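This report is meant for a reader who has not met this structure before. Please keep the sequence and the model side by side while reading, and look up each residue as it is named.

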Amino acid sequence: GIPVISMNSGSDVAESLGVTLHVGQSEYDAGLAAGKKLASMGGTNAICVNHEVGNVALDLRCSGFEEGFGGAVTVLPTGNDPAEIESKVSAALASDEAVNTVMALGASLAGEPSVAAAKASGRDVKVASFDLSAGFLQMIVDGEAAFAIDQQQFLQGYLPVVFLANNHNYGLMPGGDVPSGPNLVTADKAGQVIELSAKGIR
């Protein structure tokens, strides 16, 4: 009899668990949006840097990206070491000069090393990443990265409390799941969220 709202992950199983609603981002849909955006920016051949192959959420990000991108996409499996990621992205770029797009699945872990690898290649390679870090946001401001995908974690924590309070007080509840993302943070928005990102709000 206690209403439950899930957040962040589990949107695909929330209903079967009896959860009232879910607040979060569909990882597949976020990848889809990122793929379409990078394709519109001239991307034709991409690598999706997956630092934890087998993690369902990360695999869905790459799957959605491949669908939205429409061009050639190769999943590049790596570990969780930023130095290894930079090395593997550098090697992938060196081995195939047709690659002009890199999709990373975590800003500080994979996005920042991917930008470093793209810069070192000397080629015009578009790099985007899921999630935010102050460093990756600065790279967007500086024109070194294309955009970041913000799932707006602050909203994921804030909205369930608001919804549950209004449900308790007034019997109100949204009629379905609430997508907190994807929200693409491009150069025109990045500057304003750097400080908030450092505080964990964005």
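In this predicted model, the buried residues of helix α1 are Glu 27, Ala 30, Gly 31, Leu 32, Ala 34, Gly 35 and Leu 38. What covers these buried residues includes the helix α2 together with the strands β5 (101–104), β6 (126–130) and β7 (147–150). The helix α1 itself has 14 residues and reaches 20 Å from its first C-alpha to its last, which is close to the 20 Å expected at 1.5 Å a residue. Just after α1, Gly 42 takes a positive phi of about 100°.

From this helix the description passes to a sheet. Three strands form an open sheet in the order β1-β2-β8, and their pairing is parallel. Because β1 (5–8) and β8 (178–179) stand at the edges, each with a single partner strand, one side of each is left without a neighbour in the sheet. Strands of a sheet pair through backbone hydrogen bonds, either parallel or antiparallel. Here β1 and β2 pair in the parallel sense over four bridges, while strand β2, made up of residues 21–24, pairs with β8 in the parallel sense over two bridges. The table lists residues of β2 with the residues that stand opposite them.

| Residue in β2 | Opposite residue | Strand of the opposite residue |
|---|---|---|
| Leu 21 | Ile 5 | β1 (5–8) |
| Val 23 | Val 178 | β8 |
| Gly 24 | Pro 179 | β8 |

Which residues of β2 are buried on its two faces? Leu 21 and Val 23 are buried on one side, and His 22 and Gly 24 are buried on the other, so that both faces of the strand are covered. In a regular strand the side chains alternate between the two faces of the sheet.

The last topic is the largest pocket, which has a volume of about 270 Å³. The lining of this pocket comprises 15 residues, among which Gly 10, Ser 11, Glu 27, Ala 57 and Leu 60 lie nearest its centre. Glu 27, one of these central residues, also belongs to the buried residues of α1. Both α1 (27–40) and α2 (56–69) supply at least two residues each to the lining, and α2 gives the most, with five residues. By character, the residues of the lining divide into five nonpolar, seven polar and three charged. The helix α2 thus appears in two places, as part of what covers the buried residues of α1 and as a contributor to the lining of the largest pocket.

Notes. Residues are numbered from 1 along each chain as its sequence is written. This is a predicted model: local features need pLDDT of at least 70, side-chain atom pairs count only at pLDDT 80 or more; totals for chains, interfaces and linings use all residues. Side-chain values use heavy atoms; hydrogens and water are left out. On a 1 Å grid over the protein atoms alone, a cavity is a set of points where a 1.4 Å probe fits but cannot get out, and a pocket is an open set with protein on both sides within 12 Å along at least five of seven lines; lining residues have an atom within 4 Å of a point. Grid points are joined across faces, edges and corners, and a volume is the space filled by probe spheres set on the points. Ala, Val, Leu, Ile, Met, Phe, Trp, Tyr, Cys and Pro count as nonpolar, Asp, Glu, Lys and Arg as charged, and the others, Gly among them, as polar. Two strands pair if DSSP finds at least two bridges between them. Buried means under 20% relative accessible area, exposed over 50%, partly exposed in between (1.4 Å probe, protein chains only). The expected span of a helix is 1.5 Å times one less than its number of residues. Contact means heavy atoms within 4.5 Å.
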